[in-house]
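Reader: I have a chain to look at and a list of terms I only half understand. Could we go through them together?

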Amino acid sequence: MAEASADRGRTTRQRLLGAAAALIAEVGWGGVSTRMVAERAGVAPGVVHYHFASLPDLLIAASTGIARAMLDELTGRLAEQPDPETGVEWLLGELSRYTGTDPASLLIVEMYLAAARLPDLRDRLHEIVADSRARVAAWLRERGHYAGRPGDAEAAAAVLVAAVDGLVLHRGLDPDLDLTALAGPLRAMVRTDGHEEGGGT
């Protein structure tokens with residue numbers, strides 16, 4: 001009986017998170033209300049506060065959950081690519097699926113704007129981004145890149161992870177932006193051939 005009740009509680013919590021994430025994308029962070037979330041999730045308004053201390057806590061949990069899932073999938077699949085140059089091509093192809101006006105893109109935009117005003121959201125988002133940077137840097141080092149150059153793998157990883165967010169934002173401003181055409185500059189950034197490492201002219 002207790003297990004069934006716990007399962008119902010987890011299901012309700014997931015419905016609330018899904019409803020909140022969808023509403024952030026639809027009406028903006030500041031436009032979401034407890035009643036709207038409850039109606040979307042099909043529960044009474046009091047149920048929202050049973051599962052979450054406040055509406056901001058719910059919105060933070062919903063948005064960071066989506067952000068972590070997106071970055072974990074991207075960085076995880078990026079790490080499966082055989083080399084950084086191929087990885088850049090793959091990454092830009094994946095990012096081309098986001099138009100800048102799709103629900104996931106809009107949620108990310110709203111989350112970043114809200115993070116400027118909400119320290120808890122900013123801290124949790126920083127943790128997600130830092131984890132993603134660390135995974136990408138480890139992948140670069142595993143592929144033999146930046147050997148003997150402390151900090152370079154981390155710097156390249158920071159730029160690649162920032163490109164994920166930045167290019168999605170730019171797609172919202174310029175839907176015709178061809179992300180695959182940007183592969184050359186990004187490949188040059190992660191390439192560490194003998195010319196670059198040896199400092200030749």
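Reader: Which residues is methionine 70 in contact with, leaving aside its neighbours within four places in sequence?

Author: Happy to start there, with a reminder that this is a predicted model. Leaving those neighbours aside, methionine 70 is in contact with Tyr98, Ala104 and Ile108. Methionine 70 itself lies in helix H4, residues 55-78. Alanine 104 is 34 residues apart from it along the chain, and their C-alpha atoms are separated by 8.9 Å.

Reader: Why is methionine 70 called buried?

Author: Buried means a relative accessible area under 20%. Methionine 70 has 19%, so it counts as buried.

Reader: And what makes serine 132 count as buried or exposed?

Author: The same term applies, with its cut-off of under 20%. Serine 132 has 0% relative accessibility and therefore counts as buried. Serine 132 lies in helix H7, residues 119-142. Beyond its neighbours within four places in sequence, serine 132 is in contact with Leu71, Thr75 and Val161.

Reader: Now for the helices. How do you know whether H8 and H9 are roughly parallel or antiparallel to each other?

Author: Look at the angle. Helix H8 (residues 152-173) and helix H9 (residues 183-190) pack at about 160 degrees, with their axes 10 Å apart. Angles over 145 degrees count as roughly antiparallel, so H8 and H9 are roughly antiparallel to each other. Their crossing is left-handed.

Reader: Which residues make that contact?

Author: From H8 there are Ala156, Val159 and Leu160, and from H9 there are Leu186, Met189 and Val190. Sorted by kind, the residues of this contact are six nonpolar, no polar and no charged.

Reader: What makes up the largest nonpolar core?

Author: A nonpolar core is a set of buried residues of certain nonpolar kinds, joined through side-chain atoms within 4.5 Å. The largest one here has 60 residues, and those with the most contacts inside it are Leu16, Trp29, Val37, Leu58, Leu91, Leu95 and Val136. Several helices each supply at least two residues of this core, including H1 (2-27), H2 (34-41), H8 and H9. The largest share, eleven residues, comes from H4. As a general note, nonpolar side chains tend to be buried together in soluble globular proteins.

Reader: What does tryptophan 29 touch, not counting residues up to four places away in sequence?

Author: Among the residues tryptophan 29 touches are Ile24, Leu59, Ile60, Ser63, Glu110 and Met111. Ala114, Leu118 and Leu121 are touched by tryptophan 29 too.

How values were computed: Residues are numbered from 1 along each chain as its sequence is written. This is a predicted model: local features need pLDDT of at least 70, side-chain atom pairs count only at pLDDT 80 or more; totals for chains, interfaces and linings use all residues. Side-chain values use heavy atoms; hydrogens and water are left out. Axes are lines fitted to C-alpha atoms, for helices over the stretch in contact, and angles run from 0 to 180 degrees between N-to-C directions. Helices (H or I, at least four residues) and strands (E, at least two) are DSSP runs, numbered from the N terminus. Angles under 35 degrees count as roughly parallel, over 145 as roughly antiparallel, 65 to 115 as roughly perpendicular and the rest as oblique. A crossing is left-handed if the near helix is turned anticlockwise from the far one by less than a right angle, and right-handed if clockwise. Contact means heavy atoms within 4.5 Å. Ala, Val, Leu, Ile, Met, Phe, Trp, Tyr, Cys and Pro count as nonpolar, Asp, Glu, Lys and Arg as charged, and the others, Gly among them, as polar. Buried means under 20% relative accessible area, exposed over 50%, partly exposed in between (1.4 Å probe, protein chains only).
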